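Hi there,

Here is the structure I promised to pass on. Please have a look at it first, and then read on for what turned up.

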Amino acid sequence: KTAQIPFVMLTAKADRSMKVAGLDHGADEYVDKPFDAKELLARVRSMLRLRQMHKALDARNAELQSTLSELRATQAQLVQSEKMSSLGQLVAGLAHEINNSINAVYNGIQPLRTKSQKLEQKVSGLLAENPSAGDGSTGKEIGKQFARISQLAEIIEHGASRTAQIVQDLKTFSHPGRETVETFNVHEALDVCLSLLSGRTKQRITVHRDFAADGLIQGPSGQINQVFMNLLSNAQDAI
C-alpha cells in the first residue's frame with residue numbers, strides 16, 4: 001500500500017472473518033479468486049477516484065479552516081475597533097463636560113488678576129494718602145498678600161491649561177475611526193503618549209526627545225498610538 005495506489009486484497013473463497021481481518025489490516029477492497037482483470041481494474045479506478053475526492057475534501061477543509069481563522073482575526077479587529085470607537089465617544093462626552101468647567105476657571109483667571117492689580121493699586125494709593133492708616137509694615141504685608149494672590153492665580157491658570165491639554169490628548173489618543181491608513185505626524189503621536197504618561201515619569205524619569213526632521217508617516221494612527229503607549233508604559237515600569 002502506498003500514498004497513491006490503493007491496496008486490493010486478492011483472496012480465494014475466504015470466509016467473512018478472513019475478509020474483515022484483511023480490511024482491518026489496511027486493504028481497501030477485496031476480490032475473490034479467480035478474478036476478472038477488468039473488474040479488478042474497475043475497482044482500482046473507483047478507489048483512485050474516491051481517494052482523489054478525499055484529497056480534494058481535505059484541501060477544501062484546510063481552506064475552510066484558514067478562512068475561519070481569518071474571520072476570527074477580523075472579528076477580533078472589529079471588536080477592538082468598536083471598543084476604541086466607544087472609548088472615543090465616551091472621552092468626547094467627558095471632554096465636553098470637563099471643558100465647560102475648565103473654561104469657566106481659565107476664563108476667570110485674567111479678570112481676577114486684573115481686579116487684584118487694580119485693588120492693590122487702590123490700597124497702595126489710600127495708604128500713601130493716609131500715612132496714619134498703618135505703619136510701614138502694613139504696606140509690605142499687603143503687598144505680600146497681593147503677590148501671593150498673583151502666584152495662586154498663575155498656579156490655577158497653569159492647572160487649567162494642563163487639564164485642557166490632557167483632555168485634548170485623550171481625544172486624540174482615542175479618536176474613533178482611526179483604524180484606516182492615513183497620513184499623520186508620528187512626533188505628535190509620541191508627544192501625546194508622553195503627555196498622558198507624564199504623571200508617572202515626573203520626579204523619577206527624564207525623557208529626552210530626539211526626533212527626526214520629518215515626522216509624517218502613513219498608517220492606522222489609532223493602533224500606532226496604542227503601540228507607543230504600551231511600549232512607553234512598559235519601559236516606565238521597567239525603570
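In what follows, two residues are in contact when heavy atoms of theirs lie within 4.5 Å. Please also keep in mind that this is a predicted model.

With that in hand, a good place to begin is Ile224. Setting aside the residues within four places of it in sequence, Ile224 has contacts with Phe184, Ile217 and Gly219. Ile224 and Phe184 also turn up together in the largest nonpolar core, which has nine residues. The other members of that core are Val186, Ala189, Leu190, Cys193, Leu197, Phe228 and Met229. Two elements, α4 (186-196) and α6 (221-238), give two or more residues each to this core. The top contributor is α4, with four residues. As background, nonpolar side chains in soluble globular proteins tend to be buried together.

That leads to the way these two helices sit against each other. A pair of packed helices is described by the angle between the axes and the distance between them. For α4 and α6, the angle is about 45° and the axes are 9 Å apart. An angle that is neither under 35 degrees, nor over 145, nor from 65 to 115 counts as oblique, so α4 is oblique to α6. The crossing of the two helices is right-handed. On the α4 side, the contact is made by Val186, Ala189, Leu190, Cys193, Leu194 and Leu196. On the α6 side, Asn225, Phe228, Met229 and Leu232 take part. Sorted by class, the contact of α4 with α6 has nine nonpolar residues, one polar residue and no charged ones.

Now for the chain as a whole. The protein chain has six helices and four strands. Read from the N terminus, the order of its elements is β-α-β-α-α-β-α-α-β-α. Of the 239 residues in the protein chain, 22% are buried. Among contacts in the chain with a separation of 6 or more, 70% are between residues 24 or more positions apart.

Helix α2, which covers residues 37-129, holds several residues that you may like to look up.

Which residues does Arg113 touch, not counting those up to four places away in sequence? They are Ala153, Glu154 and Glu157. Arg113 belongs to α2, and its relative accessibility is 16%, so it counts as buried; the cut-off for that is under 20%.

Ser116 is also part of helix α2. Is Ser116 buried or exposed? With a relative accessibility of 12%, Ser116 counts as buried. Beyond its neighbours within four places in sequence, Ser116 has contacts with Phe146 and Ile149.

Two asparagines of the helix are worth a glance too. Asn103 lies in α2 and is partly exposed, at 38% relative accessible area. Its C-alpha atom is 8.5 Å from that of Ala164, and the two residues are 61 apart along the chain. Asn99 is in α2 as well, and at 24% relative accessibility Asn99 counts as partly exposed. From C-alpha to C-alpha, Asn99 and Gln168 are 9.6 Å apart in space, with their positions 69 residues apart in sequence.

I hope this helps you find your way around. Do write back with any questions.

Best wishes

Notes. Residues numbered from 1 in each chain as written. Predicted model: local features only at pLDDT ≥ 70, side-chain atom pairs only at ≥ 80, totals over all residues. Heavy atoms only, no water. Core = buried A, V, L, I, M, F, W, Y, C linked by side-chain atoms within 4.5 Å. Buried < 20%, exposed > 50% of the residue type's maximum accessible area, 1.4 Å probe, protein only. Axes fitted to C-alpha atoms, helices over the stretch in contact; angles between N-to-C directions. Left-handed = near helix turned anticlockwise from the far one by under 90°. Nonpolar A, V, L, I, M, F, W, Y, C, P; charged D, E, K, R; others polar.
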